[in-house]
Amino acid sequence: MSGSLSANGSADEVDAAENGAATDGDETAGVETAGDAAAEGAGEHYTFDDVSVVMGTYNEEEAIATVLDDVDEVTGGRAEVVCVDGSSDRTPAIAREHGATVIEQEPQGYGVAVREAILAPDRPVVVTTDCDDTYPMEQLPEFLEAINDGADVVSGDRLYHGAEAMPAFNRLGNHAFALIASVLMGERVHDTTTGMRAYRREVVEEIEWTENTGLSAELLIRPLMRGRDVRERPIDYAERLGETKLDPIEGGAAIAKSIVTVCLEEQLRRL
Ligand SMILES: Nc1nc2c(ncn2[C@@H]2O[C@H](COP(=O)(O)OP(=O)(O)O)[C@@H](O)[C@H]2O)c(=O)[nH]1
Ligand SMILES: [Mg+2]
């Protein structure tokens with residue numbers, strides 16, 4: 001049920017408040033923190049009818065039905081689902097049976113698939129996830145609420161709650177990536193490689209994405225360094241169904257390189 005988005009009732013009329021700063025006063029009284037920088041882009045109140053949940057899928061037949069059922073249940077069947085698929089198993093067939101739009105693509109890595117996936121929808125809010133049942137779809141309402149509160153990017157922080165389901169090597173690596181990125185950006189972030197985020201579509205469309213395995217980090221770093229409102233939210237992280245598609249050593253090295261490259265590019269852009 002989508003009833004958990006409690007802001008619905010009274011906030012509907014506030015949609016008309018695109019006039020933003022002009023006449024604040026009474027309607028805004030009960031609504032979030034209308035005073036901050038959110039004011040510029042936060043005129044709309046989005047529901048799950050405005051949300052596309054997108055993912056790369058690569059031989060995920062063990063997990064895909066669960067993930068898509070969860071999205072359906074949590075959003076009341078209202079979110080659109082887009083899978084960019086490179087599978088040789090039954091994944092795309094199961095995705096279609098669940099009503100997802102499937103874009104077929106030769107497997108070329110995480111970032112190639114996810115870039116295609118985030119650029120496919122025309123709904124105003126784009127949510128990414130992995131198709132491995134690790135990410136909590138039940139937190140989608142929270143992510144949408146943060147977007148409605150004015151966030152441009154909402155990023156799921158797996159490490160906040162400890163991420164015990166994550167292999168220890170990956171967990172250590174992810175802490176290290178977050179530290180490196182924080183130092184290079186001059187701003188503290190806690191999880192740079194999470195797969196679960198919500199974005200305003202304009203953010204996704206206005207930036208040119210260059211990374212593959214490191215795309216997740218890039219999707220956090222570039223908006224943040226361009227002054228977008230990026231917020232991390234603690235999320236639960238579950239054990240994966242099916243096998244990982246990422247080699248921890250090779251993938252880890254590629255991600256580290258992406259973080260350094262992207263941070264330096266963004267610092268140079270500021271000069
Ligand atoms: N289409 C496509 N999807 C991919 C590819 N590589 C990874 N994925 C998907 O991207 C998501 C992240 O990969 P995953 O194995 O979960 O990486 P991990 O979370 O780092 O272990 C999963 O849903 C994969 O199925 C690829 O080459 N093509
Ligand atoms: Mg995963």
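**Exercise 1. Is Met137 buried or exposed, and what surrounds this residue?**

*Solution.* Keep in mind that this is a predicted model.

Step 1: find the residue. Met137 sits in the loop between E4 and H5.

Step 2: look at the neighbours. Met137 has 23 other C-beta atoms within 10 Å. The cut-off for a buried residue is 20 or more, so Met137 is buried.

Step 3: look for partners from elsewhere in the sequence. Leaving out residues up to four places away in sequence, Met137 touches Asp70, Val71 and Val74. Take Val74 as an example: Met137 and Val74 are 63 residues apart in sequence, yet their C-alpha atoms are 6.9 Å apart in space.

**Exercise 2. Put the chain as a whole into a few numbers.**

*Solution.* Step 1: take the secondary structure. The protein chain has nine helices and seven strands.

Step 2: turn to burial. Of the 271 residues in the protein chain, 42% are buried.

Step 3: consider the contacts with a separation of 6 or more. In the protein chain, 78% of these join residues 24 or more positions apart.

**Exercise 3. Find residues other than glycine with a positive phi, and decide whether each is buried.**

*Solution.* Step 1: start with Asp133, in the loop between E4 and H5. Phi of Asp133 is near 65°, a positive value in a residue other than glycine. Asp133 has 21 C-beta neighbours inside 10 Å and therefore counts as buried.

Step 2: go on to Ala163, in the loop between E5 and helix H6 (168–185). Here phi is near 45°, again positive in a residue that is not glycine. Ala163 is buried because 22 other C-beta atoms lie within 10 Å.

**Exercise 4. Describe how helix H5 (residues 140–148) is packed.**

*Solution.* Step 1: pick out the buried residues of H5. They are Leu140, Phe143, Leu144, Ala146, Ile147 and Asn148.

Step 2: ask what these residues pack against. Their partners are E1, helix H2 (64–75), strand E4 (125–128), strand E5 (153–157), strand E6 (197–200) and strand E7 (230–234).

Step 3: follow the chain just past the helix. Right after H5, Gly150 takes a positive phi of about 115°.

**Exercise 5. Work out how helices H8 and H9 are arranged.**

*Solution.* Step 1: know what to look for. Two packed helices are described by the angle between their axes and the distance between the axes.

Step 2: read off both values. The axes of helix H8 (residues 215–225) and helix H9 (residues 248–270) come within 10 Å and cross at roughly 15°. An angle under 35 degrees counts as roughly parallel, so H8 is roughly parallel to H9. The crossing is right-handed.

Step 3: list the residues that make the contact. H8 brings Ala217, Glu218, Ile221, Arg222 and Met225, while H9 brings Ile255, Ser258, Ile259, Val262, Cys263 and Glu266. Sorted by class, the contact has seven nonpolar, one polar and three charged residues.

**Exercise 6. Which residues are closest to ligand 1, and which elements give two or more residues to its shell?**

*Solution.* Step 1: count the shell. There are 21 residues around ligand 1, and the closest are Gly56, Tyr58, Ala113, Thr244 and Lys245.

Step 2: trace the elements. Strand E1 (51–57), strand E2 (80–85) and helix H4 (110–119) each give two or more residues to the shell. E1 gives the most, with three residues.

Step 3: sort by class. The shell around ligand 1 holds eight nonpolar, eight polar and five charged residues.

How values were computed
Residues are numbered from 1 along each chain as its sequence is written. Chains are lettered from A and ligands numbered from 1 in the order in which they are written. This is a predicted model: local features need pLDDT of at least 70, side-chain atom pairs count only at pLDDT 80 or more; totals for chains, interfaces and linings use all residues. A residue is near a molecule or strand if its C-beta atom, placed from the backbone, lies within 6 Å of it. Helices (H or I, at least four residues) and strands (E, at least two) are DSSP runs, numbered from the N terminus. Ala, Val, Leu, Ile, Met, Phe, Trp, Tyr, Cys and Pro count as nonpolar, Asp, Glu, Lys and Arg as charged, and the others, Gly among them, as polar. Axes are lines fitted to C-alpha atoms, for helices over the stretch in contact, and angles run from 0 to 180 degrees between N-to-C directions. Angles under 35 degrees count as roughly parallel, over 145 as roughly antiparallel, 65 to 115 as roughly perpendicular and the rest as oblique. A crossing is left-handed if the near helix is turned anticlockwise from the far one by less than a right angle, and right-handed if clockwise. Two residues are in contact if their C-beta atoms, placed from the backbone, lie within 7 Å. A residue is buried if 20 or more other C-beta atoms lie within 10 Å of its own, exposed if 12 or fewer, and partly exposed in between; C-beta atoms are placed from the backbone.
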